[in-house]
Amino acid sequence: MGKVTDYLGLSQSAGICVGRQKQAAILIQKWYRFTMARLEMRRRYSLSIFQSIEYADEQDQLQVCDLPFFLFKHLCCPQRCDFSLKEFEKKIAVPDSYYGPRLSFPLTVEDANALLHAFRNEQLLHARYVLQLLSETRRVLKEMPNITHLSTSYSKEITVCGDLHGNLDDLLLIFYKNGLPSEQNPYVFNGDFVDRGKNSMEILIILFAFLLIYPNDLHLNRGNHEDYIMNLRYGFTKEVSKKYKDHWKQILSLLRDVFSWLPLATIIDSKVLILHGGISDTTDLDFLNALERNKVRDHIHVRVILFSFKNFAQYKACKKNNSPIFLQNQGLGRQVAVGILDILWSDPRSQNGCTPNKCRGGGCYFGPDVTAKLFERYNLKMLIRSHEFKPEGYEISHDGKVITIFSASNYYEEGSNRGAYIKLNPELTPRFVQYQVSKLTRRQNLRTIESSALKSLREKIYAHRSELISAFAQYDTNGTGRISVNDWAAAMESVLQLELPWRMLRSQLAQMNPDGEVDFMSCFYDLKMGQPIKEAQPALAETLCRYRKDLEIIFNIIDKDHSGLISLEEFSQTWRLFTSHLGIDIQDDSIDKLVLSIDYNKDGHIDFNEFLEAFHDYRHKTVCHTGEAGEATQIKDRCSFLTEAILPN
């Protein structure tokens, strides 16, 4: 009997122990799920910040439209490059000290492999070979139609890649996983090869080399960043000028021509349409196939013309009539302008209809009904497009009819997203291959992403400091410096218009008192460090922050000899014109003190590194006084002002 009792006692103890283990396991699972959900939430709002600021920056491009055109005309590309291969050999010598690839035309697979090997080892291709390669690429592209037609009957699968944006590691990884382009392994690269990343030139050289070797098996569509003006703002022009200091103008001039000859779309088996951006309710593939695509060199200027109208109704009206405004850009007709913009800049949306793409400032949002209409007209089955960042590298929409493919991994920061490409078999069933190169853990990646996103957002907040203070003051009727969370969120969105979850972000951006009210001036507390710099007025520091990218372009205009240096007098004069146009009341002595303080080494000149460092210091150190409400700076005719400010008398 005693043994039975002992056995029962042991059984009960074991049962209690197992029960506690189950409870512990359940608690651990709940904690893990909660933690992972919070991490995912932080990741998503960080990516939302990045994307909202990216699109807002594209809108800003509209307001400096004439400045890049001035740069093109007067600074960067004064001459054309119509030399033959032999003429390049005579004009540009390759020294014996050059140990990189030496190309001979026509190119072979061995030449392509030599390029891949050189770029893996961070070597540059000599300028003579770059110019020869671009010249041959232009010759081949001129023979290609606007819309390329492919068939899976000649190969088992066709690979489609999206945006690369200068990330050479992604291209090399794709080739490693999927094989090099060949007759048995055809590729379609769907635009946006350049800008943002640091190896755009290398990507172009590799793609163009394989295009020359396999013109029927490697296909390139034009993206919205294959555009000279976009390159001025987003880094490619700077990359080329830095890597090819003696021949960068010739290279950029030839590239502008090459970009204009890139095909606009690809169709596989008459069923799958591949183009960079999207479509609209007026997309006409027959017309796109017939237009002279090389006439549309700088499509962003057409975008500026269209979306400078007060409302979309005017835009739609101009589409119905031969409005003269469409004829201002190299004699283009309305259909050419609208058609190019739509296929390069549009994005899909879940709602029916076709509406202006206000986030980007160009193209349309097209709904499932627009997709269905185009598919019915041309008997299509699928639309593959790129143009949009996607965390997983791809996204399926419109009931499986529209696929977005994005091949640039780690686009915003390391760990921010995967890249992907599509494999299409003869049954046209898409198979997605994802990848990502990252040395950090998931938590480390998240910290980096979140920190970088919030830093970008705080810079945006400071750039609109005066307007935000005015918006906060409208809710703070008693002048307490505190408003409700709802009012704070409404003020933030009304000024910044980023469509972000402001209530969720509040804890990262502003302090709350025990009564649950937001101290709205605390938005700017993290934007200072050390002692305030008394020489800089708040409006001056705010201007530096807001127009940083425009100022980079201005710096390059002033630096006519491309030495990286401008005189203090030139810098001071430009600042006076710039701030005067923006209607910012800044005293001359404040500008003089700013200029002198930027010249850290006191050599009488400002180099670009000093300029950026000064921006960093003023952005963070300037004190924002509580209750100080500055008037919102108005951005009126900036493009015309900048042109007038720089053009010689």
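Which residues does the UniProt annotation "domain: EF-hand" cover? Keep that one in mind while you look through these close-ups of a predicted model.

**View 1. The stretches labelled EF-hand come from a record.** The UniProt annotation, from an unreviewed entry, puts "domain: EF-hand" on residues 463-498, 546-581 and 586-621. Let's zoom in on one of them, residues 463-498: this part of the chain is 67% helix and 6% strand. Its end C-alpha atoms sit 14 Å apart.

**View 2. Ser48 and Leu498 are 450 residues apart along the chain, yet their C-alpha atoms are separated by 9.0 Å.** Ser48 belongs to helix H1, which runs over residues 2-61. Is Ser48 buried, exposed or partly exposed? With a relative accessible area of 32%, Ser48 is partly exposed.

**View 3. Helix H6 is largely enclosed by the rest of the structure.** H6 spans residues 168-178, and eight of its eleven residues are buried, so the rest of the structure largely closes it in. The buried ones are Leu168, Asp170, Leu171, Leu172, Leu173, Ile174, Phe175 and Asn178. So who's doing the covering? The cover over these buried residues includes helices H4 (109-120) and H7 (200-213). It also includes strands E2 (158-161), E3 (187-189), E13 (419-424) and E14 (430-435). Just after H6 comes Gly179, with a positive phi of about 95°.

**View 4. Here is the second largest cavity, with about 60 Å³ of space in it.** Rolling a probe the size of a water molecule over the atoms shows where empty space is left. The structure has four cavities of 30 Å³ or more. Which residues lie nearest the centre of the second largest cavity? They are Glu54, His165, Asp192, His387 and Tyr411, out of 14 lining residues. Sorted by class, the lining of this cavity has seven charged, four polar and three nonpolar residues.

**View 5. Cys354 and Cys364 don't form a disulfide.** A disulfide is a covalent bond between the sulfur atoms of two cysteines. How many does this structure hold? Zero. Why not here, at Cys354? The closest cysteine sulfur to that of Cys354 belongs to Cys364, and at 3.7 Å it is too far for a bond. To count as a disulfide, the two sulfur atoms would have to be within 2.5 Å. Cys354 is also buried, at 14% relative accessibility. Another cysteine to look at is Cys523, which counts as buried because its relative accessibility is 3%.

Definitions and conventions:
Residues numbered from 1 in each chain as written. Predicted model: local features only at pLDDT ≥ 70, side-chain atom pairs only at ≥ 80, totals over all residues. Heavy atoms only, no water. 1 Å grid on protein atoms, 1.4 Å probe; cavity = no way out; pocket = protein on both sides within 12 Å on 5 of 7 lines; lining within 4 Å. Points joined across faces, edges and corners; volume = space filled by probe spheres on them. Nonpolar A, V, L, I, M, F, W, Y, C, P; charged D, E, K, R; others polar. Buried < 20%, exposed > 50% of the residue type's maximum accessible area, 1.4 Å probe, protein only. UniProt positions renumbered as here; feature names shortened; annotations may be inferred. Helix = DSSP H or I, 4+ residues; strand = E, 2+ residues; numbered from the N terminus. Contact = heavy atoms within 4.5 Å.
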